[in-house]
Amino acid sequence: MAEYVVVTGASRGLGLAICRDTLASDLSVVALARTYSPELQSLSEAYPDRCHFIEADLADLDALPALCKSIVKRFGRPYGLVNNAAVGHDGVLATMPNGEIDNLMRLNVQSPMLLSKYLLRSMLLNRRGRIVNISSIIAKTGFNGLSVYAASKAALEGFSKSLAREVGKAGITVNCVAPGYMQTDMTGDLQGEKLASIKRRSPLGRLASVEDAAAMVSFLLSDKGSAITGTTMTVDAGSTA
Amino acid sequence: MNIEQTVIRAMRGVAELSDCQLIEPIVPDTLLLQSGLDSLGYAMLVAQLEEELGIDPFTELAIKIYPATFAEFVAIYAQGLEQTRY
């Protein structure tokens with residue numbers, strides 16, 4: 001198989017857009033998700049040799065070493081990893097169930113760390129590779145009802161900066177992409193006046209789309225992104241300007 | 001090739017790949033972090049051995065403290081290989 005990128009949370013929203021955009025370049029994709037959505041199925045059918053789906057619950061941390069091992073065994077050494085899978089429970093902290101906090105931190109923080117740990121080993125041996133972690137503008141701006149989610153994204157940004165320093169001399173770049181509000185299933189509850197107000201305040205008068213954010217991921221994965229590491233690329237139609 | 005020889009060969013390969021100068025000879029008491037490999041080289045060694053031997057004994061045996069000497073390192077791989085036989 002051609003050089004490939006592992007994309008998590010690939011069944012819908014931004015993950016699906018990242019798969020689509022990555023496949024449009026010369027890279028292949030190993031798409032991880034809990035469910036094989038009809039959209040991802042169509043994408044696999046369009047690229048039968050270059051888009052492979054693997055069912056995985058990434059919050060099951062104990063299963064991750066074996067999952068990574070099986071990916072490397074089946075497809076060879078990965079070129080890149082895009083940690084996109086995340087949950088975004090919203091609600092005030094004072095009444096958020098502890099199990100929800102635990103689940104969010106596992107999927108949004110620990111899972112990307114472990115996937116990076118096990119998949120970057122192959123990149124070390126290749127002396128090249130890319131890790132892109134999907135953050136959010138919320139990591140820096142804050143948002144009412146998203147404190148735990150914001151903490152998880154800020155954790156990813158800190159993780160990425162230090163890891164970039166650790167693996168830079170092996171030719172591996174590590175970056176975050178921080179999208180603003182996008183219309184995906186995750187932000188589906190954001191409606192009406194709140195949504196209109198975010199659009200109104202944005203310098204470009206619109207929201208960034210999943211395609212906009214996916215294009216930045218593709219850029220970081222490409223050769224053109226080879227001099228960028230340890231940073232966060234914001235794609236928010238100017239909301240945080 | 002026994003496990004000791006496999007590890008030494010992998011160390012040489014990794015040293016070359018990461019532009020490190022490996023000390024010679026590597027003996028059982030050689031401290032891994034003074035063998036010429038830096039901490040990233042050490043990580044590459046684990047990755048290389050996982051490809052060659054199909055095991056990552058540190059994860060599989062849930063080893064909490066990484067070994068200091070070459071002999072301890074080899075012993076953990078021997079233990080890991082032993083376990084995969086059963």
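**Exercise 1. Find which residue just after H4(A) takes a positive phi, and describe the helix before it.**

Solution. Just after H4(A), the residue A:Arg127 takes a positive phi of about 60°, where helices are DSSP runs of H or I with at least four residues, strands are runs of E with at least two, and both are numbered from the N terminus. This is a predicted model, in which local features need pLDDT of at least 70 and side-chain atom pairs count only at pLDDT 80 or more, while totals for chains, interfaces and linings use all residues. Residues are numbered from 1 along each chain as its sequence is written, and chains are lettered from A and ligands numbered from 1 in the order in which they are written.

Next, compare the length of H4 (residues 98-126) of chain A with expectation: its 29 residues should span 42 Å at 1.5 Å a residue, and its end C-alpha atoms are 41 Å apart, which agrees; the expected span is 1.5 Å times one less than the number of residues. Finally, H4(A) bends by about 35° at A:Arg106, the bend being the angle between axes fitted to the seven residues ending there and the seven starting there.

**Exercise 2. State which residues A:Cys19 is in contact with, leaving aside its neighbours within four places in sequence.**

Solution. Two residues are in contact if their C-beta atoms, placed from the backbone, lie within 7 Å. With those neighbours within four places left aside, A:Cys19 is in contact with A:Val7, A:Ala10, A:Val29, A:Ala31, A:Leu43 and A:Cys51.

**Exercise 3. State how many helices and strands chain A has.**

Solution. Chain A holds eight helices and seven strands.
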